[in-house]
Amino acid sequence: IVLIILLLSIGSFLFIKNKYTASSFLDQSSKNINTFINEVFEGITINKDYLDNIDKYDVISDSNIKLTTASSELKDLNNLEIGLKTNQSLKNNYLDMDISLKQDTGTLTGTLAIDNNKIYIDSKDIINKVLTTKSDEDLFGNVDEYTEKLKSYAKYDIESIANNIVKYLFESLKEANLNTKYNGLNVIYTYEINDTNKDKINDKFMKLVNENNAITLENVKITIEVNMLNNTVENFTIKSDESEIKGVKIDKNKYKITSDEDEYEVEVTKEKIVINGKDENNNPAQAKIETSDNKAMLVYTTNDMSLDITINSEKKNTSNIEIKINSENIKTNGNLTITSDEKNKTSEISGKLNLSYNDYSITLDIKNNGKYGNNLVTKKNYNNAIDIENVTEEDSLTITTNLMDKISKFKAYNFIQNLTDSIWGNISDDIIENTCQNICPGGEVLSSSTSSCICADGEEIEI
């Protein structure tokens with residue numbers, strides 16, 4: 001019996017010595033963080049094929065946005081539909097857009113095409129001719145820079161990068177001065193980076209990451225105390241030459257973290273990270289990232305606003321995104337479904353977005369279908385286009401008459417006209433008031449009109 005007890009004691013001691021070490025704690029922590037990262041990025045993918053070939057592929061898309069509202073102040077915008085069919089060929093410096101507007105009995109259609117530095121306008125609703133003009137600037141001048149930036153993103157897998165940085169950082173920390181100290185049922189891990197080992201640590205990290213501009217570690221001492229019974233962190237300290245950060249467990253999975261100026265309460269589990277602190281106005285604020293099966297949530301809340309984004313990826317190649325933004329006067333609620341089929345090079349977006357400002361509210365019903373690939377776009381033939389500078393007075397009158405006839409059938413035209421009149425009226429009143437103050441003695445004005453100012457002394461001065 002004594003021998004058995006002795007063997008069990010020795011075995012337990014060796015198990016603890018092997019399992020609860022500063023090095024093994026790094027390995028386990030790295031695995032836990034990588035698992036959390038993988039859950040956050042579940043269903044979030046970057047279309048590398050499209051980005052790799054963005055300068056070669058043509059893109060065609062068909063979009064429709066319908067506005068609906070129950071607000072009496074915005075009633076003239078109700079049922080307004082905006083359609084946009086786009087054909088884009090960056091390799092040929094070409095873009096054309098079929099634009100359509102609908103609202104009840106009102107319709108207006110037209111095409112805008114850009115071919116290198118030539119612009120074409122084709123709308124049979126306005127005039128039975130194609131108009132053209134030439135831009136002095138290269139309209140596709142920044143496309144190469146734009147496409148190169150997008151192509152560079154295809155080289156990176158954000159999920160893999162995040163996982164590797166954690167993995168490589170923790171692996172490099174093994175080159176620090178490691179110390180494991182047992183304190184009853186707790187074990188204290190210490191990782192110290194100093195002048196004698198920091199170059200070795202950074203060199204190993206650089207070698208693993210294989211990047212010239214990576215993170216570098218300076219002198220720092222990290223102390224972590226872990227309870228061996230439940231393998232939870234009881235407290236930790238991160239101390240450098242410039243600052244010191246302390247964390248103390250205050251409840252299950254909750255820690256109070258203090259630095260030189262700030263204090264936070266952090267909750268960490270396998271499913272979520274919650275940070276409670278103060279915003280820039282010293283008001284309570286909370287940030288939360290939470291994951292579950294095929295779902296990731298990002299929440300940020302302060303006294304003045306809240307942001308809530310949920311990404312659900314239960315179906316393959318499909319993500320459902322819920323957006324909720326609330327502030328003092330502005331609210332946004334949306335639900336979008338995004339489907340991407342890389343095999344067939346297609347994508348689809350559909351959903352609704354509600355925007356509210358005080359008592360004003362409007363809903364956008366959004367639909368978009370897209371396709372990309374080689375040689376999908378054929379340039380429109382506008383050989384008979386007329387230069388805008390050569391448009392006759394008769395043509396100008398036809399354009400004005402037809403355009404006014406078309407847009408007058410839109411209730412939205414009334415909204416825009418009333419809004420413009422209101423803005424211009426306020427500006428006009430301000431201009432008259434400022435003018436009268438400048439010309440009346442002492443800037444004292446009794447009354448004013450669009451034609452004259454009556455000063456406080458009774459003198460009337462024409463404007």
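**Notes on the hairpins, disulfides and a few side chains**

1. Let me start at the C-terminal hairpin of β24 and β25: four residues sit between the strands, and glycine 458 takes a positive phi near 95°. Keep in mind that this is a predicted model. The two strands run antiparallel and are joined by three bridges, with β25 covering residues 460-462. For a register check, look at serine 452, which stands opposite glutamate 462 in β25.

2. β24 also has a partner in β23. Here too the strands are antiparallel, and three bridges join them. The connection is a hairpin through three residues. Valine 445 is the residue to find if you want the register, since valine 445 stands opposite cysteine 455 in β24.

3. Now the sulfurs. How many disulfides does the count come to? The answer is two. Counting bonded cysteines along the chain, the pattern is 1-3, 2-4. If you are setting up a topology, remember that a disulfide is a covalent bond between the sulfur atoms of two cysteines.

4. Take cysteine 436 and cysteine 453 to begin with: they form a disulfide with the sulfur atoms 1.9 Å apart. The S-S torsion of this link is -75°, and the link is left-handed. Cysteine 436 belongs to helix α8 (residues 411-439) and cysteine 453 to strand β24 (residues 452-455), so the pair ties together parts that are 17 residues apart in sequence. As for exposure, both cysteine 436 and cysteine 453 are buried.

5. The other disulfide joins cysteine 440 and cysteine 455, with 2.0 Å between the sulfur atoms. Why is it called left-handed? Because the torsion about the S-S bond of cysteine 440 and cysteine 455 is about -80°. Cysteine 440 is in the loop between α8 and β23 (445-448), while cysteine 455 is in strand β24, 15 residues apart. Both cysteine 440 and cysteine 455 are buried.

6. On to the rings: the count of aromatic pairs comes to two. One of them is tyrosine 57 with tyrosine 372, a tilted pair at 5.6 Å centre to centre and 45° between the planes. Tyrosine 57 lies in the loop between α3 (48-52) and β1 (58-68), and tyrosine 372 in strand β21 (residues 360-373), so the pair ties together parts that are 315 residues apart in sequence. Are these two tyrosines buried or exposed? Tyrosine 57 is buried at a relative accessible area of 8%, and tyrosine 372 is buried at 7%.

7. While you're on β21, have a look at isoleucine 366, which lies in that strand. Its C-alpha atom is separated by 7.5 Å from that of isoleucine 349, 17 residues away along the chain. Leaving out residues up to four places away in sequence, isoleucine 366 touches Asn64, Leu336, Ile349, Ser350, Gly351 and Leu353.

8. Last stop, aspartate 122, found in strand β5 (residues 118-122). With a relative accessibility of 15%, aspartate 122 counts as buried. What does its side chain make a polar contact with? The partner is the side chain of lysine 124, at 2.6 Å. Beyond neighbours within four places in sequence, aspartate 122 is in contact with Gly110, Thr111, Lys129, Val130 and Tyr382.

Definitions and conventions:
Residues are numbered from 1 along each chain as its sequence is written. This is a predicted model: local features need pLDDT of at least 70, side-chain atom pairs count only at pLDDT 80 or more; totals for chains, interfaces and linings use all residues. Side-chain values use heavy atoms; hydrogens and water are left out. Rings of Phe, Tyr and Trp (its six-membered ring) pair if their centres lie within 6.5 Å; planes under 30 degrees apart count as stacked, over 60 as edge-to-face and the rest as tilted. Buried means under 20% relative accessible area, exposed over 50%, partly exposed in between (1.4 Å probe, protein chains only). A disulfide is a pair of cysteine sulfur atoms within 2.5 Å. A polar contact is a pair of N or O atoms within 3.5 Å; within protein, one must be able to donate a hydrogen and the other to accept it, and residues adjacent in sequence count only if both atoms are side-chain atoms. Contact means heavy atoms within 4.5 Å. Two strands pair if DSSP finds at least two bridges between them.
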